[in-house]
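This report introduces a structure to a reader who has not met it before. It takes up the confidence of the model and then the contact between chains.

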There are 2 protein chains.
Amino acid sequence: MVGMTNTDRPRRCEPTRQAILQAARERFACEGYDRTTIRAIAADANIDPSMVMRYFGNKEQLFAAAAKFDLHAPDLSETPPEERADRLVRHFIRLWEGDLADSSLQILLRCALTNETAAERMRLIFAEQVIPLVTTGIDPDEAVERSGLVASQMLGLALCRYVLRLPAVVALDSERLATWIAPTIRRYLTEPRAPIPSAREIQAGNDFLNGKPAN
Amino acid sequence: MVGMTNTDRPRRCEPTRQAILQAARERFACEGYDRTTIRAIAADANIDPSMVMRYFGNKEQLFAAAAKFDLHAPDLSETPPEERADRLVRHFIRLWEGDLADSSLQILLRCALTNETAAERMRLIFAEQVIPLVTTGIDPDEAVERSGLVASQMLGLALCRYVLRLPAVVALDSERLATWIAPTIRRYLTEPRAPIPSAREIQAGNDFLNGKPAN
DNA sequence: GTCTATAATTCGATAGAC
DNA sequence: GTCTATCGAATTATAGAC
């Protein structure tokens with residue numbers, strides 16, 4: 001065809017590429033990085049293992065491609081402050097088990113503990129997506145501290161419910177879960193910060209940590 | 001010697017055994033199960049890899065021996081109810097970074113995501129040590145639900161601070177951390193449970209999860 | 001583009017000398 | 001009790017035929 005060159009086509013091999021990616025995501029999500037083999041991915045995608053190498057170079061690059069993640073952070077600037085925590089919690093649950101759910105978060109969380117690429121990406125997501133999201137309407141100087149607290153509760157929930165699958169945490173229905181968690185997040189977002197502890201209080205805390213009885 | 005038989009001695013090989021165990025603990029704690037090799041453990045312990053096999057049979061049994069864990073759960077029955085959450089949080093922080101700290105918790109948390117033995121042990125610890133601990137002074141019917149919530153915050157904190165090492169969570173000193181987290185735990189322990197959601201509320205929750213706008 | 005064959009490592013586990 | 005030597009299996013990655 002006139003004007004139809006090879007460089008025009010939008011990658012005819014795209015379906016194969018997507019099949020590999022989807023198989024890789026499922027494997028990485030439920031088996032972690034190390035136990036996932038290129039052979040198994042290829043078998044799932046019904047292709048030859050060498051094709052995976054051809055498309056993605058090596059296992060690490062395949063993982064990097066499979067672990068893309070978007071929080072789909074909602075814009076909270078129009079949300080009344082007293083509702084922000086609730087929206088945040090429900091948005092997060094929706095990311096895991098609602099219509100926005102895919103295996104991306106599962107991949108990151110399960111692999112971040114044994115793969116440095118995943119851990120680094122987790123920190124990047126925290127810095128680029130979580131902190132800006134939480135910052136809406138609060139003092140930027142406090143945003144990092146508050147974001148960290150929010151992350152500790154949110155990721156802990158994800159860990160217990162979706163990865164470790166602790167029966168006690170799995171048993172709660174999502175509505176009840178949101179009702180429990182939202183006030184925690186609200187406090188982390190809005191509660192005035194405690195004053196910087198005095199030297200004496202810090203000492204008392206260290207003493208406790210080291211098993212010394214209080215006076 | 002008279003009366004001195006072979007069966008009397010308390011295992012002369014105990015030092016070697018302990019050296020292997022300590023090396024294994026460090027490796028499992030910071031590299032996870034799969035990436036830890038028996039060869040590396042043996043090198044750390046300055047012995048031959050085959051000795052590891054001789055002492056512990058195989059890698060899985062070595063892991064089981066290295067992942068023993070005791071929460072050292074305090075007795076809260078004498079503690080006034082309003083102080084229990086605070087004691088719980090401080091005890092937990094002490095387990096990670098105080099005088100009670102060792103690598104046991106780090107091993108469990110890092111390996112539980114990719115090794116079924118570790119995951120199962122985590123659930124066992126939750127059932128045998130966390131739930132009884134939290135049950136002190138609260139309705140046993142509610143203990144499981146409340147324990148799950150407590151675990152979600154405690155393990156989330158551990159995940160972000162000690163394993164993922166999110167800078168925002170690492171930056172907080174332990175006293176300040178306890179001040180932030182304790183009220184959350186107190187609420188999970190004592191706040192009256194929400195009523196069972198009505199069918200309409202559950203429907204509204206599901207709609208939200210699936211992206212339908214509220215009316 | 002796809003597949004076969006295989007190189008190059010690495011690891012868990014075993015056998016046996018000392 | 002300790003070490004040498006090695007097996008057998010699995011893995012990533014590459015080279016090259018079709």
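The predictor's confidence in each residue is expressed as pLDDT, on a scale from 0 to 100. The model described here is predicted. Chain A has an average pLDDT of 91, and 93% of its residues score at least 70. Within chain A, confidence varies by element, as the table shows.

| Place in chain A | Helix | Mean pLDDT |
|---|---|---|
| Lowest confidence | helix 11 (residues 199-209) of chain A | 81 |
| Highest confidence | helix 9 (residues 167-170) of chain A | 98 |

Over residues 1-10 of chain A, pLDDT stays under 50, and the model has one contact beyond four places in sequence for this stretch. Where pLDDT is low, predicted coordinates should not be read in detail.

The interface joins 64 residues of chain B to 64 residues of chain A. The area buried between the two chains is about 5,400 Å², and carbon and sulfur atoms give 67% of that area. On the side of chain B, the residues that lose the most area to chain A are B:L113, B:W180 and B:L209, together 15% of what that side buries.

Polar interactions also link the chains: 22 residue pairs are in polar contact between chain B and chain A, and two salt bridges are counted. A salt bridge pairs B:E145 with A:R176, with the closest N and O atoms 2.7 Å apart.

Several helices of chain B give two or more residues to the side that touches chain A, including helix 1 (14-35), helix 7 (116-135) and helix 10 (174-190). Helix 8 of chain B supplies the largest share, 14 residues. By type, the residues on this side of chain B comprise 31 nonpolar, 14 polar and 19 charged.

Key: Residues numbered from 1 in each chain as written. Chains lettered and ligands numbered in written order. Predicted model: local features only at pLDDT ≥ 70, side-chain atom pairs only at ≥ 80, totals over all residues. Heavy atoms only, no water. Helix = DSSP H or I, 4+ residues; strand = E, 2+ residues; numbered from the N terminus. Contact = heavy atoms within 4.5 Å. Buried area = accessible area lost by both parts, 1.4 Å probe. Salt bridge = Lys/Arg side-chain N within 4 Å of Asp/Glu carboxyl O. Polar contact = N/O pair within 3.5 Å; in protein donor to acceptor, adjacent residues only side chain to side chain. Nonpolar A, V, L, I, M, F, W, Y, C, P; charged D, E, K, R; others polar.
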